[in-house]
Amino acid sequence: MTLQRAPEAVGAGSAAAISLRGVVKRFGGFTAVDGLDLEVPSGMCLGLLGPNGAGKSTTMKMLTAQAVPTEGTIEVLGFPVPRESKRARAAMGVVPQQDNLDEELTARENLEVFAHLYRVPRKERRKAVDDALAIAHLTERQGTKVDDLSGGMRRRLLIARGLVHRPRLVLLDEPTVGLDPQVRAELWGLIDGLRAQGTTVLMSTHYIEEAERLADECALMSRGRVIARGTPARLVGEYAGERVVEHYGPPDRLAEVERLARGAGLPTRRTGPSVSVLKAETIAPSLADELGSDGVRRAANLEDVFVVLTGEKVE
Ligand SMILES: Nc1ncnc2c1ncn2[C@@H]1O[C@H](COP(=O)(O)OP(=O)(O)OP(=O)(O)O)[C@@H](O)[C@H]1O
């Protein structure tokens with residue numbers, strides 16, 4: 001199933017679907033977004049990855065003008081936001097973190113209301129709703145009241161609702177938070193489909209696997225800034241290297257491993273009863289002797305990068 005796009009006027013700005021420059025958002029004396037520069041080229045799926053409180057949701061809200069930046073400039077699909085946010089909103093799909101579907105209405109009626117709100121021409125509305133239902137695998141349940149849908153179906157409907165006007169850009173705020181693994185996998189298929197069609201996707205998540213699996217590039221956010229950006233493979237290569245060695249043992253042994261590795265300039269991470277030494281392929285033979293041969297070797301991954309750069313654990 002492919003989405004047939006409405007011919008959509010795009011604002012006069014750059015080719016990037018999203019552009020934030022020097023964006024700051026303060027809430028009173030608290031700085032939630034702190035000089036954010038972020039470009040999302042058209043057609044890319046960018047994963048905005050970061051620990052709780054990093055500023056991901058605030059960034060999403062500024063793109064839809066639900067929050068107004070204290071400083072800096074934002075363009076969405078070429079439209080300056082918040083000045084022309086109505087036009088930007090009309091051309092993008094937004095899937096919020098909170099389920100705000102109308103529970104009294106059926107799945108189909110929810111989509112019809114949005115097709116109307118988003119000014120899908122009357123003649124095209126039925127097909128637009130049919131297509132969105134099919135993409136979300138909800139055709140069979142279109143007559144069911146939202147109240148009677150399962151959690152996974154509701155989440156798929158929420159995504160379908162964001163797609164009903166065939167947007168070129170979709171914002172997904174933590175699309176699979178709190179869902180069980182099977183439903184998460186279903187949604188990943190759906191998001192993958194969007195990406196394959198060339199829809200630009202900005203997806204915030206704190207699930208590393210989600211970002212690794214879906215995103216062309218990841219921007220790692222911490223304390224309101226992007227601290228690293230690139231393809232998952234490049235980020236892993238640059239910050240965690242190829243191999244990791246995990247050492248297990250009592251606390252004094254772990255502290256010794258950390259001291260030796262850090263002394264040699266190698267990044268480390270603690271995970272409960274173990275210390276992982278990253279970039280293990282660069283360990284000199286003399287250091288390998290000192291570290292001992294009890295370590296478990298594995299490939300480096302994006303989770304290692306996340307922990308090393310943010311200092312935070314992953315759920
Ligand atoms: N309206 C607000 N008033 C005051 N502080 C706020 C407001 N909105 C967000 N914050 C604060 O800004 C910081 C960034 O929040 P934000 O929700 O953007 O983070 P996040 O990266 O999306 O985290 P999460 O994954 O928990 O949603 C947090 O410390 C939060 O408490």
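Colleague: In the hairpin of β1 and β2, which residue takes a positive phi?

Modeller: That's Gly 28, with a phi near 60°, in a hairpin that has two residues between its strands. Before we go on: this is a predicted model, where local features need pLDDT of at least 70 and side-chain atom pairs count only at pLDDT 80 or more, while totals for chains, interfaces and linings use all residues. Residues are numbered from 1 along each chain as its sequence is written.

Colleague: Why are β1 and β2 called strands, and what makes them a pair?

Modeller: Strands are DSSP runs of E with at least two residues, helices are runs of H or I with at least four, and both are numbered from the N terminus. β1 covers residues 16-27 and β2 covers 30-41, so both pass as strands. Two strands pair if DSSP finds at least two bridges between them. β1 and β2 have nine, in the antiparallel sense, so they count as paired. As an example, Lys 25 stands opposite Val 33 in β2.

Colleague: Why is Thr 31 classed the way it is, as buried, exposed or partly exposed?

Modeller: Count the other C-beta atoms (placed from the backbone) within 10 Å of its own: 20 or more is buried, 12 or fewer is exposed, and in between is partly exposed. Thr 31, which lies in β2, has 16 such neighbours, so it counts as partly exposed.

Colleague: And what does Thr 31 touch?

Modeller: Leaving out residues up to four places away in sequence, Thr 31 touches Val 24, Arg 26 and Gly 224. Touching here means that the C-beta atoms, placed from the backbone, lie within 7 Å. Thr 31 and Gly 55 are 24 residues apart in sequence, with 9.2 Å between their C-alpha atoms.

Colleague: Gly 55 sits by the ligand. What makes a residue part of that shell?

Modeller: Its C-beta atom, placed from the backbone, has to lie within 6 Å of the molecule. The shell includes Phe 27, Phe 30, Gly 53, Lys 56, Ser 57, Thr 58 and His 206. β2 and α1 (56-63) each supply at least two of its residues, and α1 gives the largest share, three.

Colleague: How many shell residues fall in each class, nonpolar, polar and charged?

Modeller: Four are nonpolar, seven polar and one charged. Watch the glycines: Ala, Val, Leu, Ile, Met, Phe, Trp, Tyr, Cys and Pro count as nonpolar, Asp, Glu, Lys and Arg as charged, and the others, Gly among them, as polar.

Colleague: How do you know what span to expect for helix α5?

Modeller: Take 1.5 Å times one less than the number of residues. α5 (residues 151-163) has 13 residues, which gives an expected 18 Å, and its 19 Å from first to last C-alpha is close to that. Among its buried residues are Leu 157, Leu 158 and Ile 159. The cover over the buried part of α5 includes α3 (107-117), α4 (122-135) and α6 (181-196).

Colleague: What class does Gly 193 in α6 get, and why?

Modeller: It has 14 other C-beta atoms within 10 Å, so Gly 193 is partly exposed. The C-alpha atoms of Gly 193 and Ile 159 are 12 Å apart, with 34 residues of separation along the chain.

Colleague: Which class, buried or partly exposed, does Arg 166 fall in?

Modeller: Arg 166 has 20 C-beta neighbours inside 10 Å, so it counts as buried. It lies in the loop between α5 and β7, with a positive phi near 55° although it isn't glycine. Ala 65 is another non-glycine residue with a positive phi, near 65°. With 18 neighbours, though, Ala 65 is partly exposed.

Colleague: What makes β9 mostly covered?

Modeller: Five of its six residues (217-222) are buried. β9 runs parallel to β3 (45-49), joined by four bridges, and antiparallel to β10 (225-230), joined by five. Leu 220 of β9 has Leu 49 opposite it and also stands opposite Ala 228 in β10.

Colleague: And where do the domains begin and end?

Modeller: Domain 1 is 16-235 and domain 2 is 241-299, with bounds from an automatic or database domain assignment. Their centres, taken over C-alpha atoms, are 39 Å apart.

How values were computed
Two residues are in contact if their C-beta atoms, placed from the backbone, lie within 7 Å.
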